[in-house]
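Open your viewer, switch to a cartoon view and keep the selection tool at hand. We will go from stop to stop, and at each one you will hear what to select and what is there.

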Amino acid sequence: MATQTEKKQVYFDDVEVGMEIPSVIKGPMTQAHIMRWSASQENWHRIHYDHPFALDHEKLPNVLINGSWKQQVMSQLIKDWAGLEGWMWKIAFQHRSMNVPGDTLTAWGKVLERYERDGLGIVELEIGLRNQDGVEACPGSATAVLPIRGGRPVPYPFVPPQG
Amino acid sequence: MTSGEYITAEMKAAIGKESEPRESSMEATESEHRRFIHAIMDDDPIYYDEEYAKETRYGGIVCTPLFPSSVSRRQLGTPDPLTEGFKNNPDFDALAASGQVARPGDLPELDMSHIPRMLNGGNSIEFFQYMKLGEKTVSKTRIVDIYEREGRSGRMVFMVNETEVRNDKGELLMISRGVSIRR
């Protein structure tokens, strides 16, 4: 099994504006997956497991995948890309569309901007979460901090760059 | 309706108010964390392989980035909000009986019954350090702003909250900001 150490650390030097980062794919999601997350969160909101309630009472198309679960996938995307020597500094996104059982969700990211600050490599990304039909559910942005070859390590606990 | 009624005096007075620091009801436990990881399907060895994790700059197993939001749960010996909710309303959606429970020191609840519809307007999170098993969190929530905007579907009220989460050693873990839209 490939471990994180065997994975290549991404360096700021190798990042180009416009490049896409490796995506994180989950699914197809089922009602059982939704139940597993809801139970782990002690989230008993019926729109996540009670099909008749979701349709008849809330007029939804199906039970819904939790927004809180999507947040986990979005954070995995940046955490994995930044790697053990980098840091996921910020993520931000909105919830624009519903996701339902049967959806396969792809968290994606694209480099918008890169700059050096205080000896650290700062990368601004556009991020999102698309279903199998390309419908965007979570448009947003992220900031990753990457080491620069020959530069200082990214501090942990993370200390934002000065200046 | 005048704008004074839309953002009530009570709401206006709440801008800038901050909760007391509230300690989580539980510490991060291996079992809760394991169930969380099964559900997010991210088998990163930093979450479970001590030998591997101690070689990283984290110095040992860490919790998932957003796990600090999952350590306040209803304690035993408290009223059951599910049973109570259904007793009063067979169509109870159970949302209010879910997840994080109200804690002493929370901000007082605002009366917003005149704008009952709520939408999640998005959130942003800043990370500083990952939580470790055995730690509790201490969090403070502040109402950053409440303002009104004219949208396509009429007037809407935006509420911006910020929550700062530390571990029980006082070390900063994360800051999350959320926007809820009401009308």
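Before the first stop, one term: a residue is buried if 20 or more other C-beta atoms lie within 10 Å of its own, exposed if 12 or fewer, and partly exposed in between, with the C-beta atoms placed from the backbone. This is a predicted model, in which local features need pLDDT of at least 70 and side-chain atom pairs count only at pLDDT 80 or more, while totals for chains, interfaces and linings use all residues. Residues are numbered from 1 along each chain as its sequence is written, and chains are lettered from A and ligands numbered from 1 in the order in which they are written.

**Stop 1: a loop residue in chain A**

Select Glu42(A), in the loop between α1 and α2 (51-57) of chain A. Helices (H or I, at least four residues) and strands (E, at least two) are DSSP runs, numbered from the N terminus. Is Glu42(A) buried, partly exposed or exposed? It counts as partly exposed, because it has 16 C-beta neighbours inside 10 Å. Glu42(A) also has a positive phi of about 50°, although it is not a glycine. Most residues other than glycine have a negative phi, and most peptide bonds are trans.

Chain B offers another positive phi: select Ala94(B), where the angle is about 70°. Ala94(B) lies in the loop between α5 (81-88) and β2 of chain B, and it is partly exposed, with 19 other C-beta atoms within 10 Å.

**Stop 2: cis peptide bonds**

Now select Gly27(A) and Pro28(A): the peptide bond from one to the other is cis, with omega near 0°. Pro28(A) is found in the loop between β1 and α1 (31-40) of chain A. Then move to Tyr156(A) and Pro157(A), whose peptide bond is also cis, with omega near -5°. Pro157(A) belongs to the segment after β5 of chain A.

**Stop 3: the sheet**

Colour the strands of both chains. How many strands form the open sheet? Ten do, in the order β1(A)-β3(A)-β4(A)-β5(A)-β2(A)-β2(B)-β5(B)-β4(B)-β3(B)-β1(B), and the pairing is antiparallel. Two strands pair if DSSP finds at least two bridges between them. At the edges stand β1 of chain A and β1 (22-23) of chain B, each with a single partner strand, so one side of each has no neighbour in the sheet.

Select β5(A) next. Six of its seven residues are buried, so β5(A) is largely enclosed by the rest of the structure. Six bridges join it to β2(A), and Ile91(A) stands opposite Ala142(A) there. With β4(A), β5(A) pairs over seven bridges; in that pairing Gly121(A) has Leu146(A) as its bridge partner.

**Stop 4: where the chains meet**

Follow the sheet from β2 (residues 87-93) of chain A to β2(B): four bridges join these antiparallel strands. Select Ala92(A) and you will find Ser124(B) opposite. On the other side, β2(B) pairs with β5(B) (residues 172-182) over eight bridges, and the bridge partner of Ile125(B) in β5(B) is Ser176(B).

Now show both chains together. Two residues are in contact if their C-beta atoms, placed from the backbone, lie within 7 Å. By that rule, 36 residues of chain B are in contact with 33 residues of chain A. Which element gives the most to the side of chain B that touches chain A? β2(B) does, with eight residues.

**Stop 5: a helix across the sheet**

Finish with α3 (residues 67-82) of chain A. This helix lies across several strands, including β2 of chain B, and runs at about 145° to β2(A) (axes are lines fitted to C-alpha atoms, for helices over the stretch in contact, and angles run from 0 to 180 degrees between N-to-C directions). Of its 16 residues, 13 are buried, so α3(A) is largely enclosed by the rest of the structure. Just after the helix, Gly83(A) takes a positive phi of about 75°.

Select Met74(A) last. Leaving aside neighbours within four places in sequence, its contacts include Ile91(A), Phe93(A) and Leu129(A).
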